[in-house]
Structure formats: C-alpha cells, structure tokens
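Q: Please take a close look at the largest cavity in this structure. Which residues line the largest cavity, and what volume does the largest cavity have?

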Amino acid sequence: MVGFITLRGSLSGSIRLTTVGKSTRFVLKLREKPPHGGFTVYLIDGEDFASFRFSDDSDEFSGTALFSCVRAAVIANPFGDFIAEGSIGAVRHDLQAVKARIRAAVSYTHLRAHETLSDLV
C-alpha cells in the first residue's frame, strides 16, 4: 500500500509511505532547507508514534517505522518546537493529543539524560 502526507507549517514537503507487512517505509522530501541543527520526524499510528532524528543537509530523508498504519506526521526542530504537520488524505487525526504525548516523552528522556550525567560525575 502506498500513501502520501503533505506537510504544512514553517517547513513544507511531502512524505511517501510504502507499507509492506507490518512495517512502513517512508521517504521525506522537503521544499526548504532543513533547520540548522537537524530535526525529528514523528510518524503517528493512532496512539503510537515512531521518531527519526536527522541532521543532514539533504532534501530527501528516509526510514522505516515498525507499524503498518501511519496516519499522520509531525516534524520538530532541535528545540522541540513543532514546525510542520500533516495527515493522510481526508483522515482527521487529533494531532494535539499526540503532540502532548511526544512532548512528555521527550521531556522525560531529557530529564533522565541529565540525571544520569550527574550520577556519573
């Protein structure tokens, strides 16, 4: 199965999705230069999401999510601000709820990284 997500925001582009079995391969093409310092792509499947960090200055990026039903995507800059989002066709997805979950997961991981670093000193 092949699908497309059009991204809108301060960064725009498209994501081509190809589902094979229980995984989805994606190819992201950006219209603008990516943010300095890289960005993170979050592919969303209902309540689950997969994240992919990119720091390359290319205009095309790819990866594979280990679920078969990607419904939406959001992109965050290195500071965690969401700079683009989109969903498949007419599918309406509650991106606000998922963005809140992503922020919580990123904040927790960031906190644990500092805690671990201080424990090593």
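A: Here is the cavity, followed by the chain around it. The model is predicted.

Start with the count. The structure holds one cavity of 30 Å³ or more. The largest cavity has a volume of about 50 Å³.

Now the lining. Met1, Val2 and Gly3 belong to it. So do Leu17, Thr19 and Thr24. Ser68, Cys69 and Val70 line the cavity too, and Ile88 completes the list. Two elements each give two or more residues to this lining: strand E1 (2-9) and strand E2 (13-20).

Next, the chemistry. Six of the lining residues are nonpolar and four are polar. No charged residue takes part in the lining.

The chain gives the setting. It contains one helix and eight strands. Along the sequence, the order is β-β-β-β-β-β-β-β-α. The strands therefore precede the helix in that pattern, with helices and strands taken as DSSP runs numbered from the N terminus.

Contacts come next. Among contacts in the chain with a separation of 6 or more, 52% join residues 24 or more positions apart.

Burial and surface round off the picture. The chain has 121 residues, and 36% of them are buried. Its accessible surface comes to about 7400 Å². Carbon and sulfur atoms account for 54% of that surface.

Back to the cavity itself: its volume is about 50 Å³, and its lining draws two or more residues from each of strands E1 and E2.

Conventions. Residues numbered from 1 in each chain as written. Predicted model: local features only at pLDDT ≥ 70, side-chain atom pairs only at ≥ 80, totals over all residues. Heavy atoms only, no water. 1 Å grid on protein atoms, 1.4 Å probe; cavity = no way out; pocket = protein on both sides within 12 Å on 5 of 7 lines; lining within 4 Å. Points joined across faces, edges and corners; volume = space filled by probe spheres on them. Helix = DSSP H or I, 4+ residues; strand = E, 2+ residues; numbered from the N terminus. Nonpolar A, V, L, I, M, F, W, Y, C, P; charged D, E, K, R; others polar. Buried < 20%, exposed > 50% of the residue type's maximum accessible area, 1.4 Å probe, protein only. Contact = heavy atoms within 4.5 Å. Areas by Shrake-Rupley, 256 points an atom, 1.4 Å probe, with all protein chains shown as cover.
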